[in-house]
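Let's take a walk through this model together, starting where the protein copies meet and ending at the DNA.

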Protein chains: 2
Amino acid sequence: MKFTLRQLQVFIATAHYKNLSRAAESLAMSQSAASGALQDLEQRYSTQLFDRVGKRLQLNGLGHSLRPLAESLMSQADEFERALQQQDIAGKLNVGATLTIGNYVVIPIIAQFMRDYPAIDIRLHVANTAHIAEQVINYELDIGLIEGEYNHQDLSIVPWQSDELVVFCTPEHPYAAFDVLTDEQLVAANWILRESGSGTRQAFDRAMHGLLNELKTHLELEHTEAIKRAVEAGLGIGCLSKITLADAFSRGSLVPLEVPDRDMERQFYFITHKKKYWSVGLQRWIECCQGTT
Amino acid sequence: MKFTLRQLQVFIATAHYKNLSRAAESLAMSQSAASGALQDLEQRYSTQLFDRVGKRLQLNGLGHSLRPLAESLMSQADEFERALQQQDIAGKLNVGATLTIGNYVVIPIIAQFMRDYPAIDIRLHVANTAHIAEQVINYELDIGLIEGEYNHQDLSIVPWQSDELVVFCTPEHPYAAFDVLTDEQLVAANWILRESGSGTRQAFDRAMHGLLNELKTHLELEHTEAIKRAVEAGLGIGCLSKITLADAFSRGSLVPLEVPDRDMERQFYFITHKKKYWSVGLQRWIECCQGTT
DNA sequence: GATTATATATCAGTATATCCGATATATTAT
DNA sequence: ATAATATATCGGATATACTGATATATAATC
């Protein structure tokens with residue numbers, strides 16, 4: 001074994017920051033030490049892991065292929081150290097979730113998880129699907145919980161739970177009197193929707209396939225709560241995940257509308273980096289998610 | 001990170017040999033260096049990994065729980081190093097197999113595997129099921145291919161392919177004239193069988209459930225070839241895996257006997273250590289096994 | 001119970017590795 | 001051109017890892 005864990009840390013940090021000085025800082029060591037460690041690693045195996053273009057350190061092909069292994073190795077080393085310190089299951093867990101999942105689905109799961117594993121420091125990052133996927137690919141998040149489809153060669157995508165969109169309006173709205181809505185009525189309505197690019201909107205667009213160009217998008221908002229408020233104010237009809245509407249329906253401030261012609265099903269997914277080591281904490285999180293479903 | 005890969009190596013080797021001097025020797029270092037490394041690891045985390053009973057180093061509870069992690073870590077470190085050396089898929093693979101599997105099933109798979117991955121140094125160890133399981137648990141084998149059932153908390157057991165036992169005799173034997181054999185005829189026969197404890201015998205005993213005490217075991221032999229020779233010599237009838245008999249049947253020196261009342265099916269299994277890191281080589285081997293099936 | 005063989009622990013000395021601070025050098029931005 | 005920002009390199013201090021010799025403890029043998 002001609003390399004050290006320290007060299008691995010420097011390699012990982014440098015790959016992450018693409019900046020040796022900041023990598024060194026993050027490891028609480030001098031820039032010169034980091035430079036030395038990296039060169040030592042390369043020289044020992046007479047190879048290169050980074051392309052030095054100007055003053056930038058950019059992972060080259062070999063470096064790129066080694067990164068997943070290195071990350072996995074370090075995760076396990078962390079876990080080994082924690083086990084040595086007899087802290088059992090602990091560590092940090094960075095979870096990413098989209099707005100809808102983060103605000104409605106994940107909160108009770110986090111509550112459960114924190115009760116079961118108080119030693120694990122869990123952190124929730126809410127962002128859109130693309131941003132979460134990017135962070136998972138770059139090892140900045142341990143796991144992402146997303147709504148839309150998103151494919152990438154480095155991602156492992158696992159279906160999690162199914163969800164349903166619901167069209168809704170106020171009890172006073174004329175549509176509230178109908179048992180079901182026809183396509184013509186959908187076209188005639190004033191829609192209040194999530195913005196393009198959001199998972200919810202993506203699913204809505206798919207469900208309304210064929211009608212899309214005729215629909216009147218009266219208002220686009222970036223938050224589900226704002227959409228509910230706007231619909232309650234009588235500005236039009238909306239379409240959101242049923243999980244975000246449960247409260248409003250039971251209070252009676254909003255009512256669901258049946259749209260039998262349209263498939264409103266969609267899927268939530270787990271995404272993880274394919275080559276990431278599944279720490280015990282991560283395993284427990286996934287179990288917890290699946291248990292609460 | 002307060003530990004080094006070298007310390008991990010010493011820890012693993014010592015756990016393996018239960019003898020510091022031999023561990024040191026296997027790592028090409030002095031006994032004093034090994035002793036120091038181990039103590040350093042323990043002192044850094046103010047804990048113990050071994051019980052020093054007399055001059056024996058015996059893994060204690062914590063050490064025992066840490067071993068799988070350490071082994072996995074080192075396997076990955078090896079793989080990382082190989083990747084650094086750009087040797088792609090390489091390394092050693094220690095495969096264990098029982099006599100029947102080792103002599104008949106595995107040979108063509110090894111041939112295929114060696115063609116596909118010439119860089120991997122594969123080694124086959126033939127032994128009985130219990131011995132193979134033991135070696136897998138102790139990290140001495142990467143994978144075991146066994147016939148019988150064998151359960152252990154540290155083992156992951158995956159069904160692989162099914163096999164069938166066949167009762168057989170010479171064409172001249174009076175039974176060869178019958179279409180099927182009844183239980184009475186089975187009891188009346190002179191049996192030539194593998195020894196008790198072998199996977200083949202275990203499966204035979206299960207198939208003959210209820211008749212076992214009445215059967216006449218004329219001869220017990222430890223090798224399938226010897227059993228075929230004995231049956232060919234007219235000493236009685238035998239029962240072996242059909243895969244070991246294909247040649248003899250096609251040559252006509254032996255003939256199969258139908259025993260419709262008895263379930264002669266059995267299963268071959270993979271066993272691996274549950275917490276072992278699946279190296280790329282090991283993954284390829286399993287793919288190869290499943291592909292050739 | 002004494003003796004021998006076998007193991008582990010410890011110590012001193014040495015070689016090696018790691019790190020920091022300072023400095024040289026190269027690149028990008030202004 | 002100049003300033004700001006990064007990486008590479010060098011010397012020296014410090015820490016670490018190793019060997020060989022030795023002390024100590026245990027198991028085996030007579």
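## Where the two chains meet

Chain B and chain A each bring 28 residues to their contact. Keep in mind that this is a predicted model. About 2,700 Å² is buried between the two chains, and carbon and sulfur atoms supply 74% of that area. On the chain B side, the residues that lose the most area to chain A are B:M1, B:F80 and B:L84, which together make up 29% of what that side buries.

What about charged and polar pairing? The number of salt bridges between chain B and chain A is 0, while 6 residue pairs are in polar contact across the interface, with both partners at pLDDT 80 or more. Two elements of chain B give two or more residues to the side that touches chain A: α1 (5-17) and α4 (61-84). Of these, α4(B) gives the most, with 15 residues. Sorted by class, this side of chain B holds 18 nonpolar, 6 polar and 4 charged residues.

## How the copies are related

Which operation lays chain B on chain A? A turn of 179° with a shift of 0.0 Å along the axis does so, leaving an RMSD of 0.1 Å. The two copies are thus related as by a two-fold rotation axis. The interface fits this picture: 100% of the interface residues of chain B are also interface residues in chain A, so the copies meet through the same surface.

## The surface facing DNA strand D

Now to the DNA. There are 21 residues around DNA strand D, and those that come nearest are A:S21, A:Q39, A:K55, B:S30 and B:S32. Among the atoms of DNA strand D that come within 4 Å of the protein, sugar and phosphate account for 59%.

Three contacts from chain A show which parts of the strand are approached, through backbone or side chain:

| Protein atom | Atom of DNA strand D | Distance |
|---|---|---|
| Backbone N or O of A:L20 | phosphate oxygen | 2.8 Å |
| Polar side-chain atom of A:Q31 | base nitrogen | 3.0 Å |
| Polar side-chain atom of A:K55 | base oxygen | 2.7 Å |

A:K55 thus appears both in the nearest group and in a contact with a base oxygen. The elements giving two or more residues to the surface near DNA strand D are α2 (20-26) and α3 (31-44) of chain A, along with α3 (31-44) of chain B. By class, the residues of this surface are 5 nonpolar, 10 polar and 6 charged.

Note on methods. Residues are numbered from 1 along each chain as its sequence is written. Chains are lettered from A and ligands numbered from 1 in the order in which they are written. This is a predicted model: local features need pLDDT of at least 70, side-chain atom pairs count only at pLDDT 80 or more; totals for chains, interfaces and linings use all residues. Side-chain values use heavy atoms; hydrogens and water are left out. A residue is near a molecule or strand if one of its heavy atoms lies within 4 Å of it. A polar contact is a pair of N or O atoms within 3.5 Å; within protein, one must be able to donate a hydrogen and the other to accept it, and residues adjacent in sequence count only if both atoms are side-chain atoms. Helices (H or I, at least four residues) and strands (E, at least two) are DSSP runs, numbered from the N terminus. Ala, Val, Leu, Ile, Met, Phe, Trp, Tyr, Cys and Pro count as nonpolar, Asp, Glu, Lys and Arg as charged, and the others, Gly among them, as polar. Copies are superposed by least squares on the C-alpha atoms of residues with pLDDT of at least 70 in both. Contact means heavy atoms within 4.5 Å. Buried area is the accessible area (1.4 Å probe) that two parts lose on being put together, summed over both. A salt bridge is a side-chain nitrogen of Lys or Arg within 4 Å of a carboxyl oxygen of Asp or Glu.
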